[in-house]
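Q: Could you take me through one helix of this model in close detail? I would also enjoy a short look at a few residues elsewhere.

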Amino acid sequence: MASEEELFANIDALLEEEPQLPPPAERARLREAAGITQARLAQALKSTVQTVKNYENGRSEPKSPRLEAYQRLLNGWAAKYPAHAVSVAPAPAVTPQPVSVPETFTGPAAPETSEAETAPVQAPAVAAAPERPAARPATSRRPATKKAAKPAVDPRFPHGPLAVLDGDGSAYGVDGIVLDCPATTVVELVEWTLRESGLGAAKLNRYGKDSDPLIVLTASAAVKLGLPERLEGHEQRRSLRLPEDHPVVKQVAKAKWQLTQRGFGPWARIYRKAQGRDRQCVQLAILSWDALDERSWPGVAEMEAADIARVLGVYATRVITPRGSTAVSGLELMTALRPPTKAVQDPETGNWVSGYNAGSLGTEPMDPAPPEATAEHPVVVNSGWTGGFLNEEAYQWVRSVDTLSDEECTLPFAIGLDLNTAFLAAAARLVVGLSAPDHFHNPKFNPKIPGSWLVDLSHIELDPRLPSPFTPDGTRPTGPAWYQTHTVAYAQELGHDVHPIEAYLRRETGAYLDPWHDRLRNAYVDTLADLGVTKDLDDRAFLAAMEQHKQNDPAMAAVLSAIKATVKGGVGKLRERPQGKHYKEGETWPALQRPTWRPDIRAAVISKARVNMHRKLNNMVKLTGLYPLAVLSDCVVYPSPGESPLDFLPYAASGKPQPGGFRLGPTPGLAKLEGVQTMLWAVDLMEKGLNPARHIKGGDAVLDEGE
């Protein structure tokens, strides 16, 4: 029989264990019995509503000191609101399956939830991730009240595309997964990621490559691994990389790992040469080194690690695993969806070799035609080209106040409409050149051939109350100039003869951007739907939903912002300019080594977007008699008799929007409300030569114009 001393020792051991909480369902019952909302409880615990939801559905457990505070509250409620003799005992612990889950796994895979809580299969990361657990037992201490975990989409990557590593070794992944990362050095982290983490993503095209796993480091994780919390010193801050003699860089080299040419910066890629078909590469992103630009990822860098994993996980699942800025990711998405090569069989030897993948841009960079290049490009400098350049840019136009009528000036409001991802809408079914340009003299214009045309459009007279469709500033052309095919085709559409003097045209063509458009369009529409803005809403409900969509879920709002930045940044990267004060005209720069340095494709997208905008402006005159006050990129400002777009947009007698003009809606190319100001405010800006569209949102807002 046990002695009193042994019994007391056992009891003391139990008392020293961490506080035990009631099962999740009981936590929710006690809170509801007390009449406390999840929001109020989150405020008291200095946490978030989603974290409280996680506590109450078993997706996560609090850690000290929040654990003790939460237990004290629940004990107090339990004394006040007993469960009326209903015994609520925790179910047996769930043991992770050893076949599909590596031993580093410390939390269950994402449970199935109700339809309202989950996103489609292609975006499983919409459900919130948990806070870090209080302890790391070999098996989960969470009650087994949930359904079986969803099977992994790809068994090679059971834990999703990425993880956010915190300083205590918790690696937060998608779907609430938390991995235990024992690494204390960057080299150990890379090896753990490739061998044990189960992170990565399957290729987006059958001929492409799997996405390398991404590890995002919080400031505390960076310090733990021997990295500086911030890059110190003027020189390092400008170059955004560690010096080659830094201990971590030396460790990486000593372990026979390599860094890419951009070195160890905010986005560091560490790799070894592939062994057979298996790539050995890990992407790191360091948050405290400003890896996530606030303009593209608003508020994300300040979020909890689990919430950052949720934001980046949704983006990775719907778009691509981030590989740098959103602009870099937008460009790499093009290549991932249209890989340059595929395996083909050599008819002579029967061996499988690498061959060109039809519809792609190939593997070799291509010189542009001189008018498609920039003034500093070697093609221009070395040839002495003086024949002018394409000027296909987004609108920056303000109407002359002299053209305003008395009726317009007496309207009380100015309303800004913004076209959703106008560049993305322009990329749909856009035929671009795939081969090198050929030079032609006096060609007959063909609207189906992508290229650059030297043509005189100065004879075309247009209404001064509308911008010219042929120039970014909306002024009338003064003589021959270079235009992209869509701009010249629109002149024909308006009923004018065009007689090109010269042209640089491409014989091989294709809708290169179609898969890029389709994937980003779906990502945009699905993310808006997660924020409560769905395609089934009528116009009034759509405007109401857009007023509050960012407040519904800041994490998903950040994903939406990143998707929009991916579109504009990706298009801008097609004509990336040289950087650095030491650059001299005529020298090459790194971007020119990419097959995706294609200023002609960028020009095609922007030309089509500007033509689409002018076509709508023209149709609005026919449908409503209204003329715009200003246009900036994809935002247009109209005078209005009321404070809502519903007061001036064209509708049929049935109540349906009239086709051809601006229409409200959540899909690319449709419009949303950008802002409302007084007509007096707008006219005052116009008289000063300022663009009301730039400031219509309030707060001195400035629209992102792309590149």
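A: Happy to. A residue counts as buried when its relative accessible area is under 20%. Keep in mind that this is a predicted model.

Let's start with helix α11, which covers residues 326-337. Of its 12 residues, 10 are buried, so α11 is largely enclosed by the rest of the structure. The buried residues of α11 are T326, A327, V328, S329, G330, L331, L333, M334, A336 and L337. What do they pack against? The buried residues of α11 pack against three helices: α10 (305-318), α16 (514-530) and α18 (554-573). The length of α11 also agrees with expectation, because at 1.5 Å a residue its 12 residues should span 16 Å, and its end C-alpha atoms are 16 Å apart.

Elsewhere, V252 makes a nice companion case. This residue is found in helix α9 (residues 247-254). V252 is buried, as its relative accessible area is 2%. Setting aside neighbours within four places in sequence, V252 is in contact with V186, V187, W257, Q258, L259 and I270. The C-alpha atoms of V252 and V190 are separated by 9.6 Å, and these two residues lie 62 residues apart along the chain.

Finally, a word on cysteines. Searching the whole structure turns up zero disulfides. C635 has a relative accessible area of 0%, so C635 is buried. C409, by contrast, counts as partly exposed because its relative accessibility is 41%.

Conventions. Residues are numbered from 1 along each chain as its sequence is written. This is a predicted model: local features need pLDDT of at least 70, side-chain atom pairs count only at pLDDT 80 or more; totals for chains, interfaces and linings use all residues. Side-chain values use heavy atoms; hydrogens and water are left out. A disulfide is a pair of cysteine sulfur atoms within 2.5 Å. Buried means under 20% relative accessible area, exposed over 50%, partly exposed in between (1.4 Å probe, protein chains only). Helices (H or I, at least four residues) and strands (E, at least two) are DSSP runs, numbered from the N terminus. The expected span of a helix is 1.5 Å times one less than its number of residues. Contact means heavy atoms within 4.5 Å.
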